[in-house]
Each structure stands twice: as C-alpha cells, then as structure tokens.
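Welcome! Please take a moment with the sequence and the structure, and then read on for a short tour.

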Amino acid sequence: MPSQLDLARGLTLADLATAWRPLVMTSGKLASAYALERRSPYLARELVEFAYRLPVEHKISDPAQGKGILRDAAKALGLPKEVWASRDKLGFASPVPSWLNGNLAAWADAQINTALADAPAAFRLLLEGGLKPGGRFDRTRMQALMAAAWFSD
C-alpha cells in the first residue's frame, strides 16, 4: 500500500503534468482580456521544487483554509492576525465538487466502486478517498473519478 507521502506526491505530479498548464494559460488569457497584468510569484521554479519536497503535513490539510504554510510563516514572522487569519481572499471554487456530491453522487460512487474492483493496489487509497464527500474546494472525488475513467478503458 502506498504511503500518504507517495499519494500526495503522485497527485502533485499529476496536477503539474495535466491541470497546471491549462489553468495558468486560461488565467493569463482572462487577465489579458480585461487589460490586467497577471503575476505568479508562487510559480517560480525554485519555490515549486521546494514546495514539492515539503513533508505532507505542511501541505494543505484543510482545503477550505488554504495556504497553511504561508499562514504559519506569516504568524511566525509576527505579522498581525488580520494578515495570517484573513479569509477574505478565498478564490473561486469550481462547481464540480458540489455536483459530484449532489445530483451526481450516486453516479460518481458507482464509477469509483466499479474501478475499485480492478484497480491496482497503488490507486486504492485515492479511489477510496473519492467515496467520501468533501467540501467545496476538495478535488479528491474528481481525481478519483479521473482515475476510475483510466481503469474503465
């Protein structure tokens, strides 16, 4: 059975290989459409590599809270609580998690359960995690469905 670290790193690599580039390109195009200049300081190669090497417990443990390590660093540096405890910039949540936990929940469960029957052991933790409904920022169910689609072919 893979460790939590293996799963977290595997999901990070999958995001970097598949979702990251289209998201960056789309946000760049949207910014340009509104004559905005977009900066991505957190995408500096050295910072991305550092973040990848961080232990799992320092990564997002509560998706609704977000940016935990940055909040911890700001707190440790003595910045005011209104800086590190602020929740006023939450970003936009995709509607997909609410669909998969709402009207499409039975369908999502069926897809994941079918994949669980034949999935390699290394993917069982991800697929089982997808059977647990998450919050509005939780992408585990969606990632489990993508893995389930790979096994259905």
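In this predicted model, the protein exposes about 11000 Å², and carbon and sulfur atoms supply 62% of that surface. Turning to the inside, buried residues account for 17% of the 153 residues in the protein.

How is the chain built up? You will find eight helices and zero strands, and reading along the sequence gives the pattern α-α-α-α-α-α-α-α. Contacts also reach across the chain: among those between residues at least 6 apart in sequence, 55% join residues at least 24 apart.

A good place to continue is the nonpolar interior. In soluble globular proteins, nonpolar side chains tend to be buried together. Here the largest nonpolar core holds 13 residues, and Ile-112, Leu-127 and Leu-145 are the ones that touch the most other members. Helix 6, helix 7 (121–129) and helix 8 each bring at least two residues to this core. What does Ile-112 touch, once its neighbours within four places in sequence are left aside? Its contacts are Leu-127, Gly-130, Leu-131, Arg-141, Ala-144, Leu-145 and Ala-148.

Arg-141, one of those contacts of Ile-112, leads us to a charged pair. Searching the whole structure turns up one salt bridge. It is formed by the side chains of Asp-109 and Arg-141, with 2.8 Å from N to O. This pair links distant parts of the chain, since Asp-109 sits in helix 6 (residues 105–118) and Arg-141 in helix 8 (residues 140–152), 32 residues apart. Are the two partners buried or exposed? Asp-109 is partly exposed, with a relative accessible area of 27%, whereas Arg-141 counts as buried at 5% relative accessibility.

Next come the rings. A pair of aromatic rings is described by the distance of the centres and the angle of the planes. The count for this structure comes to one aromatic pair. Its members are Phe-123 and Trp-150, which meet edge-to-face, 6.4 Å centre to centre and with 90 degrees between the planes. Phe-123 belongs to helix 7 and Trp-150 to helix 8, so the pair ties together parts that are 27 residues apart in sequence. Phe-123 counts as partly exposed at 28% relative accessibility, while Trp-150 is exposed, with a relative accessible area of 55%.

Helix 8 offers another residue to look at, Gln-143. Why does Gln-143 count as buried? Its relative accessible area is 14%, and buried means under 20%. Not counting residues up to four places away in sequence, Gln-143 touches Leu-11, Asp-15 and Leu-126.

Our last stop is the loop between helix 7 and helix 8, where Asp-138 is found. Asp-138 counts as partly exposed, at 22% relative accessibility. How far apart are Asp-138 and Val-96 in sequence and in space? They are 42 residues apart in sequence and 9.7 Å apart in space, C-alpha to C-alpha.

Here are the residues from this tour with their accessibility values.

| Residue | Relative accessible area | Class |
|---|---|---|
| Asp-109 | 27% | partly exposed |
| Phe-123 | 28% | partly exposed |
| Asp-138 | 22% | partly exposed |
| Arg-141 | 5% | buried |
| Gln-143 | 14% | buried |
| Trp-150 | 55% | exposed |

Technical notes
Residues numbered from 1 in each chain as written. Predicted model: local features only at pLDDT ≥ 70, side-chain atom pairs only at ≥ 80, totals over all residues. Heavy atoms only, no water. Helix = DSSP H or I, 4+ residues; strand = E, 2+ residues; numbered from the N terminus. Buried < 20%, exposed > 50% of the residue type's maximum accessible area, 1.4 Å probe, protein only. Contact = heavy atoms within 4.5 Å. Areas by Shrake-Rupley, 256 points an atom, 1.4 Å probe, with all protein chains shown as cover. Salt bridge = Lys/Arg side-chain N within 4 Å of Asp/Glu carboxyl O. Core = buried A, V, L, I, M, F, W, Y, C linked by side-chain atoms within 4.5 Å. Phe/Tyr/Trp six-rings, centres within 6.5 Å; stacked < 30°, edge-to-face > 60°.
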